[in-house]
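Biologist: Could you walk me through this one? I'd like to ask questions as we look.

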Amino acid sequence: MANMRFAVGFTRLIPQIGYHHILMILIAIAIILLSLLLAGCSSSSPLIPNIFLISLYYKSYPPNFAPSQVDPGVTTAIANIVGRAQLEVRVGYFGICINPDGGAFLCSNNATSLATQVSVDQDPLNLIWVASTFKDSIVFPYLIIVAIILAFLCFLLLATFPGWHEETNDDGSEVRDVKPFPSRPVSQVSLALIFIASIFVLVSVLWQHTASVAASTIAQDLGNGSVKSGVGTTAMVLGWFGFSLLIIVTIGLLVMILSIQLFDKLTDD
């Protein structure tokens with residue numbers, strides 16, 4: 001009986017879901033994804049340390065040699081300095097996480113406090129300092145923050161769009177479901193907001209991707225044979241997927257506005 005009531009209620013709800021409700025759901029998902037991206041490495045909570053831009057860690061492997069190396073033997077000196085260190089450092093937009101000995105991650109937005117919790121033997125090449133320099137000098141999260149604010153404002157404007165309601169004739173003989181068109185100025189402002197938010201996210205994700213790959217490659221080459229690095233796949237997926245959702249909403253709003261304009265012209269004729 002309960003399942004039947006739920007099915008009936010859900011069936012009645014479906015016709016009440018408007019086009020703008022779908023756009024609002026997409027915006028909400030995009031805001032959540034971008035917020036998770038910004039929250040990466042900000043705390044030791046489960047899964048949060050796995051959202052990172054780059055990771056640097058000590059690992060012994062056969063060094064790469066090239067004719068352009070003036071002193072190929074420096075890799076041996078670096079390996080002797082590193083010793084048995086196995087520390088891993090992960091960098092997010094607002095925090096750094098370290099794993100000194102393969103156990104749990106320690107996360108903070110203050111690199112100095114993290115550095116005081118490890119010994120010289122655990123971080124002989126100052127990877128924590130390198131990660132802090134990357135976070136403070138290269139990472140720029142504020143475009144994403146502005147984009148989230150703009151997307152939220154667009155969400156609020158979409159919430160003002162009229163929904164389905166019942167109207168009766170003057171004599172009360174017929175009941176009809178009617179959905180008025182949304183205000184054109186509100187629709188245009190919503191489109192402008194979500195378009196700007198999409199551009200901001202695109203610029204941020206492109207910068208994030210390029211900077212992370214470049215920093216990761218350089219760090220690994222400098223620690224040739226002793227330091228490995230990687231780019232955070234989860235952070236990349238969150239950024240690009242959030243951007244894709246905002247672009248879908250932008251196109252959806254544009255199609256809606258153009259369709260309403262075309263309908264108005266047809267009815268005027």
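Biologist: Is Phe140 buried, partly exposed or exposed?
Modeller: Keep in mind that this is a predicted model. Phe140 sits in the loop between α5 (127-137) and α6 (142-159). Buried would need under 20% relative accessible area, and exposed would need over 50%. Phe140 has 43% relative accessibility, so it counts as partly exposed.

Biologist: Which residues make the nonpolar surface patch of about 490 Å²?
Modeller: Phe140 is one of them, and we just saw it is partly exposed. The others in the patch bring in another Phe, an Ile, a Tyr and a Trp. The full set is Phe94, Ile138, Phe140, Tyr142 and Trp207.

Biologist: Which spans does UniProt list as "transmembrane region"?
Modeller: The record here is an unreviewed entry, and such annotations may be inferred rather than shown by experiment. The spans listed by UniProt are residues 21-40, 139-164, 185-207 and 237-263.

Biologist: How much of the span 185-207 is helix in the model, and how far apart are its ends?
Modeller: Let's start with residues 21-40: that span is 95% helix and 0% strand, with its end C-alpha atoms 29 Å apart. Residues 185-207 also have 0% strand. For 185-207 the answer is 100% helix, with end C-alpha atoms 33 Å apart.

Biologist: Is Pro124 buried or exposed?
Modeller: Pro124 is in the loop between α4 (111-115) and α5. The cut-off for buried is under 20% relative accessible area. Pro124 comes in at 19%, so it counts as buried.

Biologist: What does Pro124 touch, leaving out residues up to four places away in sequence?
Modeller: One partner is Val82, which is 42 residues from Pro124 in sequence, yet their C-alpha atoms are 5.8 Å apart in space. The whole list is Tyr58, Ile81, Val82 and Ala85.

Biologist: Why does Ser226 count as buried?
Modeller: Ser226 lies in the loop between α7 (184-222) and β7 (227-231). Leaving out residues up to four places away in sequence, Ser226 touches Tyr57, Tyr58, Lys59, Tyr61, Ile78, Ala79 and Val82. It counts as buried because its relative accessible area is 3%.

Biologist: Zooming out, what share of the protein's residues count as buried?
Modeller: The protein has eight helices and seven strands. Among contacts between residues at least 6 apart in sequence, 75% join residues at least 24 apart. Out of 269 residues, the buried share is 39%.

Biologist: And how much of the accessible surface belongs to carbon and sulfur atoms?
Modeller: The protein's accessible surface comes to about 15100 Å². The part belonging to carbon and sulfur atoms is 66%.

Notes. Residues are numbered from 1 along each chain as its sequence is written. This is a predicted model: local features need pLDDT of at least 70, side-chain atom pairs count only at pLDDT 80 or more; totals for chains, interfaces and linings use all residues. Side-chain values use heavy atoms; hydrogens and water are left out. Helices (H or I, at least four residues) and strands (E, at least two) are DSSP runs, numbered from the N terminus. Buried means under 20% relative accessible area, exposed over 50%, partly exposed in between (1.4 Å probe, protein chains only). Contact means heavy atoms within 4.5 Å. Accessible areas come from the Shrake-Rupley method with a 1.4 Å probe; for residues, only the protein chains shown count as cover. Patches are made of residues with over 30% relative accessible area and no salt bridge: like charges are joined within 9 Å, nonpolar side chains (Val, Leu, Ile, Met, Phe, Trp, Tyr) within 5 Å. A salt bridge is a side-chain nitrogen of Lys or Arg within 4 Å of a carboxyl oxygen of Asp or Glu.
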